[in-house]
Amino acid sequence: MSQKNSDGKRSARERLQEQRQREETRSRRRRTLIAAAAVVAVLGAGAGIAAVVAGSGGKKKEAAGPLVAPQGAAGKDSVTIPVGKPAAKATLTVYEDFRCPACSQFENGFRDTVNQLEQKGELKAEYHIVTLIDANLGGTGSLNAANAAACAQDAGKFSAYHDLLYKNQPPETDDAFGKKARLLELAGQVPGLDTPAFRTCVDDGTHDSWVKKSHEAFGKTSYRATPTVLLNGKSIYGDPADPLTPDKLRQMVAEAAKG
């Protein structure tokens with residue numbers, strides 16, 4: 001075989017090899033582009049799912065059932081549960097969450113004082129129920145307990161059941177109030193509360209939409225923590241430099257009665 005023919009064959013082989021390399025390169029590039037497109041499609045689908053989930057969350061709030069305010073609810077949008085004699089000159093406004101440890105600290109520390117002042121007609125209270133702990137830690141204890149308290153309001157037993165919930169509040173991370181059976185069990189300790197109507201109200205979540213409305217109303221205020229406690233519109237609780245005491249609360253209520 002001549003050198004010329006050998007060179008020609010080698011050149012042909014080299015040209016064939018180069019062509020195959022070019023084809024493999026194009027093929028790899030094509031696969032890369034397809035994979036990238038698939039990733040974009042997945043990400044796009046993921047974004048769509050997130051939007052649907054967020055939208056569904058909003059729809060779920062509406063799908064919780066019609067907004068049924070508890071008996072006697074008052075204030076704007078009927079999200080306030082009033083306690084005490086309407087003629088009292090001092091108004092204690094409380095934003096609280098039944099799973100909130102600080103709320104329990106306030107209620108257990110000031111319950112007797114507040115109840116005494118209410119019974120004397122010197123103080124009335126307005127309770128706004130929120131569900132911050134459910135939002136922060138997950139679970140449904142804040143919602144379910146709030147609904148049960150609203151059911152107790154229907155039965156004229158709000159104060160007794162409200163106080164009982166705080167006396168039996170589980171640790172913040174324990175969503176015990178998420179179990180409706182526990183809420184019904186506690187109701188048995190309030191004379192006259194554990195009735196078929198109350199049980200149906202708790203089990204059906206009759207006031208769930210109302211609770212969510214109350215929480216949304218809280219979000220529209222300038223307050224960001226629970227408990228938020230106001231006396232005639234002025235914040236009086238939670239300042240370490242000026243701590244509230246039962247005696248100080250009595251004094252403030254007496255001054256409000258004079259004014």
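**Close-up 1. The disulfide between Cys151 and Cys201 in a predicted model.** Start with the sulfur atoms: the link of Cys151 and Cys201 is left-handed, with -80° about the S-S bond. The S to S distance in this disulfide is 2.1 Å. The pair ties together distant parts of the chain, with Cys151 in helix α4 (residues 141-154) and Cys201 in helix α7 (residues 196-204), 50 residues apart. Both Cys151 and Cys201 are buried. If you are wondering how many disulfides a search of the whole structure finds, the count is one. As a reminder for the bench, a disulfide is a covalent bond between the sulfur atoms of two cysteines.

**Close-up 2. Two further cysteines, Cys100 and Cys103.** Are Cys100 and Cys103 buried or exposed? Cys100 has a relative accessible area of 4%, and because buried means under 20%, Cys100 is buried. Cys103 also counts as buried, at 0% relative accessibility.

**Close-up 3. Helix α4 packed on helix α5.** Two packed helices are described by the angle between their axes and the distance between the axes. For α4 and α5, the angle is about 155° and the axes are 8 Å apart. Angles over 145 degrees count as roughly antiparallel, and α4 is therefore roughly antiparallel to α5. The crossing of these two helices, α4 and α5, is right-handed. On the α4 side, the contact is made by Ala145, Ala148, Ala149, Ala152 and Gln153. On the α5 side, Phe158, Tyr161 and Leu165 take part. Sorted by class, the contact of α4 with α5 has seven nonpolar residues, one polar residue and no charged residues.

**Close-up 4. Helix α5 packed on helix α6.** Here α5 (residues 158-167) meets α6 (residues 180-187) at an angle of about 120°, with the axes 10 Å apart. How are α5 and α6 oriented to each other? They are oblique, because an angle of about 120° falls outside the ranges for roughly parallel (under 35 degrees), roughly perpendicular (65 to 115) and roughly antiparallel (over 145). The crossing of α5 and α6 is right-handed. Tyr161, Leu164 and Leu165 in α5 meet Leu183, Leu186 and Ala187 in α6. By class, this contact of α5 with α6 has six nonpolar residues, with no polar and no charged ones. Look out for Tyr161 and Leu165 of α5, which take part in the contact with α6 and also in the contact with α4.

**Close-up 5. Pro246 and the residues it touches.** Pro246 is found in helix α9 (residues 246-258). Which residues does Pro246 touch, not counting those up to four places away in sequence? They are Gly109, Phe110 and Thr113. Pro246 and Thr113 are 133 residues apart along the chain, yet their C-alpha atoms are separated by 6.2 Å. Pro246 is partly exposed, with a relative accessible area of 28%.

**Close-up 6. A cis peptide bond from Thr226 to Pro227.** Follow the backbone from Thr226 to Pro227 and you will find a cis peptide bond, with omega near -5°. Pro227 sits in the loop between α8 (208-219) and β4 (228-231).

**Close-up 7. Positive phi values at Asp77 and Asn232.** Asp77 is not a glycine, although its phi is positive, at about 65°. Asp77 lies in the loop between α1 (3-63) and β1 (81-83). With 43% relative accessibility, Asp77 counts as partly exposed. Asn232, another residue other than glycine, has a positive phi near 50°. You can find Asn232 in the loop between β4 and β5 (234-235). Asn232 is partly exposed too, with a relative accessible area of 44%.

**Overview. The elements of the protein in sequence order.** To place the close-ups, step back to the whole protein, which has nine helices and five strands. Read along the sequence, the pattern is α-β-β-α-β-α-α-α-α-α-α-β-β-α. Of the 259 residues in the protein, 36% are buried. Among contacts with a separation of 6 or more, 76% are between residues 24 or more positions apart.

Technical notes: Residues are numbered from 1 along each chain as its sequence is written. This is a predicted model: local features need pLDDT of at least 70, side-chain atom pairs count only at pLDDT 80 or more; totals for chains, interfaces and linings use all residues. Side-chain values use heavy atoms; hydrogens and water are left out. Axes are lines fitted to C-alpha atoms, for helices over the stretch in contact, and angles run from 0 to 180 degrees between N-to-C directions. Helices (H or I, at least four residues) and strands (E, at least two) are DSSP runs, numbered from the N terminus. A crossing is left-handed if the near helix is turned anticlockwise from the far one by less than a right angle, and right-handed if clockwise. Contact means heavy atoms within 4.5 Å. Ala, Val, Leu, Ile, Met, Phe, Trp, Tyr, Cys and Pro count as nonpolar, Asp, Glu, Lys and Arg as charged, and the others, Gly among them, as polar. A disulfide is a pair of cysteine sulfur atoms within 2.5 Å. Buried means under 20% relative accessible area, exposed over 50%, partly exposed in between (1.4 Å probe, protein chains only).
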